[in-house]
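Got the viewer open? Here is a short walk through the model, one selection at a time.

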Amino acid sequence: MRDHKRQERHQAISAAAYQLLARHGYGGTSMLAIATAARASNETLYRWYGDKRGLFEALVRDNAAETKLRLSQALCADHAPKAALAAIAPVFLQMILADRAVQLNRAAAADASGELGAALAAGGRQEIMPLIEALMARLTAKHPPARLAEWFVTLLLGSQQIGRVIGVLPQPSEAEIETQCAQALAAFFAVAEGSDPILSR
């Protein structure tokens with residue numbers, strides 16, 4: 001199968017997987033149901049992904065790559081570090097709190113093996129955090145970039161990610177995203193430009 005055709009089929013399979021995941025959860029979603037919804041053969045899914053966990057790990061990788069791409073697009077070479085952080089904050093928050101990211105987190109929580117959760121964590125570490133850490137290294141030399149990146153993400157997300165995953169918070173509006181980003185950035189810059197001993201450890 002040519003690459004573009006395979007990518008089209010993968011996108012159809014992904015869309016079907018997300019739809020079924022939203023309706024039935026990870027445990028209630030089978031490879032056969034996904035294949036049927038995507039109008040693909042069950043054999044194709046097993047040949048491409050190995051098993052259900054392999055398929056969802058592919059979705060995790062796709063989501064991490066899309067988040068990295070969107071963050072990269074939000075960054076301009078001539079952006080000063082503060083402006084760059086202000087540019088990526090709403091993009092990052094929107095991606096993390098979006099329905100697909102939330103569904104993947106719920107699937108990871110339901111996977112007893114822990115392998116899906118490990119893939120989700122690895123995607124963040126390998127695809128997203130290096131971008132943010134590189135930005136922190138440009139921002140200030142007062143604190144380790146990795147510490148700053150962790151603090152930035154913590155302030156930005158607050159309790160919203162867990163609230164979305166457990167179903168007590170709806171997807172935020174653009175105005176709510178903007179407000180959260182402004183508050184998080186103000187708090188972050190106050191800490192990053194100071195000499196907080198916790199960050200310096």
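How accessible is R39: buried, exposed or partly exposed? Select R39 and show its surface: at 78% relative accessibility R39 counts as exposed, where buried means under 20% relative accessible area, exposed over 50% and partly exposed in between, with a 1.4 Å probe and protein chains only. R39 sits in the loop between α2 and α3 (42–49). Check the backbone while you're there: phi of R39 is near 55°, a positive value in a residue other than glycine.

Before moving on, some ground rules. This is a predicted model, in which local features need pLDDT of at least 70 and side-chain atom pairs count only at pLDDT 80 or more, while totals for chains, interfaces and linings use all residues. Residues are numbered from 1 along each chain as its sequence is written, and side-chain values use heavy atoms, with hydrogens and water left out.

**Zoom out**

Color by pLDDT, the predictor's confidence in each residue, from 0 to 100. The chain has a mean pLDDT of 91, with 96% of its residues at 70 or more. Confidence peaks in helix α2 (residues 31–38) at a mean of 97 and is lowest in helix α11 (residues 197–200) at 48.

Now switch to cartoon. You'll find 11 helices and 0 strands in the chain; these are DSSP runs numbered from the N terminus, helices being H or I of at least four residues and strands E of at least two. The C-alpha trace spans about 55 × 40 × 35 Å along its principal axes. Of the 201 residues, 41% are buried. If you draw contacts (heavy atoms within 4.5 Å), residues 24 or more positions apart account for 71% of those with a separation of 6 or more.

**Into the core**

Next, select L85, F92, I132, M136, F152, L156 and F188. Within the 30 residues of the largest nonpolar core, these touch the most other members. A nonpolar core here is a set of buried Ala, Val, Leu, Ile, Met, Phe, Trp, Tyr and Cys residues joined through side-chain atoms within 4.5 Å. At least two residues of this core come from each of α4 (52–74), α5 (81–97), α7 (115–139), α8 (145–157) and α10 (174–192). The largest share, 9 residues, belongs to α5.

Center on I132 and look around. Leaving out residues up to four places away in sequence, I132 touches I88, F92, A149, F152 and V153. Apart from this core lies another, of 24 residues, with Y18, L20, L59 and A108 among them.

**Two helix pairs**

Hide everything but α4 and α5. Their axes come within 9 Å and cross at roughly 160°; axes are lines fitted to C-alpha atoms, for helices over the stretch in contact, and angles run from 0 to 180 degrees between N-to-C directions. The two are therefore roughly antiparallel to each other, the word used for angles over 145 degrees. The crossing is right-handed, meaning that the near helix is turned clockwise from the far one by less than a right angle. Show side chains at the meeting place: N63, E66, T67, R70, L71 and A74 in α4 meet A87, I88, V91, F92, Q94 and M95 in α5.

Then bring up α8 and α10. Here the axes come within 9 Å and cross at roughly 150°, and α8 passes α10 in a right-handed crossing as well. From α8, pick L148, W151, F152, L155 and L156; these meet Q180, C181, A184, L185, A187, F188, V191 and A192 in α10.

**Three polar stops**

What does N63 touch, beyond residues up to four places away in sequence? Select N63 in helix α4 and you'll see M95, A101 and L104 in contact. N63 counts as buried, at 15% relative accessibility.

Hop to Q103 in helix α6 (residues 99–110). Q103 is also buried, at 13% relative accessibility. Leaving aside neighbours within four places in sequence, Q103 is in contact with Y18, L21 and A22. Try the distance tool on Q103 and G25: their C-alpha atoms are 78 residues apart along the chain and separated by 8.3 Å.

Finish at Q161 in helix α9 (residues 160–165). With 24% relative accessibility, Q161 counts as partly exposed. Outside residues up to four places away in sequence, Q161 touches I96, L97 and N105. The C-alpha atoms of Q161 and M31, 130 residues apart along the chain, are separated by 28 Å.

Terms used: Parallel < 35°, antiparallel > 145°, perpendicular 65-115°, else oblique.
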